[in-house]
Amino acid sequence: MKEKIEAVLAEIESLACKSESEIEEARVRLLGKKGEITRLFDEFRTVASDQKREFGQKLNQLKNAAVAKIAQMRDSLQENNVSGTSEDLSKPGDPFRLGSRHPVSIVREEIVEIFRKFGYDVAEGPEIEDDWHVFEALNFPPEHPARDMQDTFFISSGANSILLRTHTSSVQVRAMEKLPLPIRIVCPGRVFRNEAISARAHCIFHQVEGLYIDKNVTFADLKQAILLFVREMFGADARIRLRPSYFPFTEPSAEVDVSCNICHGKGCNICKGTGWLEIMGCGMVDPNVLEASGIDSKVYSGFAFGMGIERIAMLKWQVKDLRNYFENDLRFLREFETSI
């Protein structure tokens, strides 16, 4: 038996496998259920009692040598693979699909970049606001019926209620309180109103509002700013019309329509046959609003405007259901991958 153990040990020492399959074949030949070392352990039962201690130690050393040799060859093979001898690590990896920006984010950045070109800075403010910045400073007295125009999510009530802002006009108030004149800003952000969710309305949506305050600002300046924006956003042939309206914080006020970019003013189901689409509200800043923020209305004047980002996105891509923007359906969002 001594000669058999020495022969198997010599075989183990001379092993030089070059692949995982060769290593596995050697393991089975030596250590498998019918392997050479397994047969020697079976033969060990016939060894005389006075020799069992000697041959038992030799068999254990033989098995350990085989296990160590197999592990050594596997480690060596793995090192060769990592070093690039059997695989080209410069090859491209497995392809995976990249995500895309949300359509609301795409339109928001497009709107902001247009106004940046016109010299507007970006201002942001808190989504949880107090009654002063959302209503009082914007010419909404406590019992003013205009407050009913915006169903509000109140967090606390009292002399100075805390609420979720219903418009980003609150950012304009904070800007008028803190920034030096003249002021030229746009205020993008998320707003909240307690409305029933439908294809045309949602309790959460996004706005971009603008404010320009300086000496001798007129309604003609407002109209020109909006016209320039519309032509940047919808094309050089786009036209606008202004309809008289009412907002507590502007006087005079107007609603802005843009010529339908689908039918080009001829009338279609998107514009309901009128050839026009409503996109924003605007007006000259009410003197009371200027005075509430410490600005002398006899020296300074200004205009403000505001638009819903979802509304612009709906017009840009002809999306008919507002809920699509909030449901995170990948089938819908992947349609905008090329718009990044």
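How many bridges join β9 to β10, and do the two run parallel or antiparallel? Select both strands and you'll find 5 bridges, with the strands running antiparallel. Keep in mind as you click around that this is a predicted model.

**Stop 1: the sheet**

Now widen the selection to the whole sheet. It is open and has 7 strands, in the order β1-β5-β6-β10-β9-β8-β7, with mixed pairing. Go to the edges next: β1 (121-122) and β7 (240-247) each have a single partner strand, so one side of each is left without a neighbour in the sheet. In general, strands of a sheet pair through backbone hydrogen bonds, either parallel or antiparallel.

Stay at the β7 edge and add β8, residues 250-259. These two pair in the antiparallel sense, over 7 bridges. To get your bearings there, pick F247 and look across to T250 in β8, which stands opposite.

While β8 is lit up, click E251 and P252. The peptide bond joining them is cis, with omega at about 0 degrees, and P252 is found in strand β8 itself.

**Stop 2: strand β10**

Back to β10, residues 301-308. You already have its pairing with β9; zoom in on M284, whose bridge partner in β10 is F303. Then turn to β6, residues 204-214. β6 and β10 pair in the antiparallel sense over 8 bridges, and I213 has G302 in β10 as its bridge partner.

Try colouring β10 by accessibility. Of its 8 residues, 7 are buried, so the strand is largely enclosed by the rest of the structure.

**Stop 3: two helices across the sheet**

Bring in helix α8, residues 219-234. It lies across β7, β8, β9 (276-285) and β10, and runs at about 150 degrees to β9. Next, show helix α10, residues 309-317. This one lies across β6, β9 and β10, at about 60 degrees to β10.

**Stop 4: the aromatics**

Show the aromatic side chains. The structure holds 13 aromatic pairs. One of them is Y120 with F305, an edge-to-face pair at 6.5 Å centre to centre, with 70 degrees between the planes. Y120 sits in the loop between α5 (103-117) and β1, while F305 is in strand β10, so the pair ties together parts that are 185 residues apart in sequence.

Are these two rings' residues buried or exposed? Y120 has 5% relative accessibility and counts as buried. F305 is buried too, with a relative accessible area of 3%.

Then extend the selection: F115, F118, Y120, Y212, F229, F303 and F305 form one aromatic cluster. F303 should be familiar, as the β10 bridge partner of M284.

**Stop 5: the N-terminal helices**

Jump to helix α1, residues 2-13. Its 12 residues reach 17 Å from first C-alpha to last, close to the 16 Å expected at 1.5 Å a residue. Select I5, V8 and I12, which are buried. Look down the axis of α1: its buried residues fall within an arc of 65 degrees, so they line one face of the helix. Now spin to the face turned away from that buried side, where you'll meet the exposed residues E3 and E13.

Helix α2, residues 20-31, can be checked with the distance tool as well. At 1.5 Å a residue, its 12 residues should span 16 Å, and the end C-alpha atoms are 16 Å apart, which agrees. The residues to pick here are I23, A26 and L30, which are buried. They cover an arc of only 60 degrees around the axis, which puts them on the same side of α2. As a reminder, an α-helix has 3.6 residues a turn, so residues three or four places apart point the same way.

**Stop 6: backbone oddities**

Finish with some backbone details. Besides the cis bond in β8, a cis peptide bond joins L181 and P182, again with omega at about 0 degrees. P182 is found in the loop between α7 (169-178) and β5 (183-192).

For positive phi, select N139: about 75 degrees, although it is not a glycine. N139 is in the loop between α6 (131-134) and β3 (154-156), and at 22% relative accessibility it counts as partly exposed. Last, hop to N216, another non-glycine with a positive phi, about 65 degrees. N216 is found in the loop between β6 and α8 and is exposed, with a relative accessible area of 68%.

Key:
Residues are numbered from 1 along each chain as its sequence is written. This is a predicted model: local features need pLDDT of at least 70, side-chain atom pairs count only at pLDDT 80 or more; totals for chains, interfaces and linings use all residues. Side-chain values use heavy atoms; hydrogens and water are left out. Two strands pair if DSSP finds at least two bridges between them. Helices (H or I, at least four residues) and strands (E, at least two) are DSSP runs, numbered from the N terminus. Contact means heavy atoms within 4.5 Å. Axes are lines fitted to C-alpha atoms, for helices over the stretch in contact, and angles run from 0 to 180 degrees between N-to-C directions. The expected span of a helix is 1.5 Å times one less than its number of residues. Buried means under 20% relative accessible area, exposed over 50%, partly exposed in between (1.4 Å probe, protein chains only). The arc is that of the directions from the helix axis to the C-beta atoms. Rings of Phe, Tyr and Trp (its six-membered ring) pair if their centres lie within 6.5 Å; planes under 30 degrees apart count as stacked, over 60 as edge-to-face and the rest as tilted.
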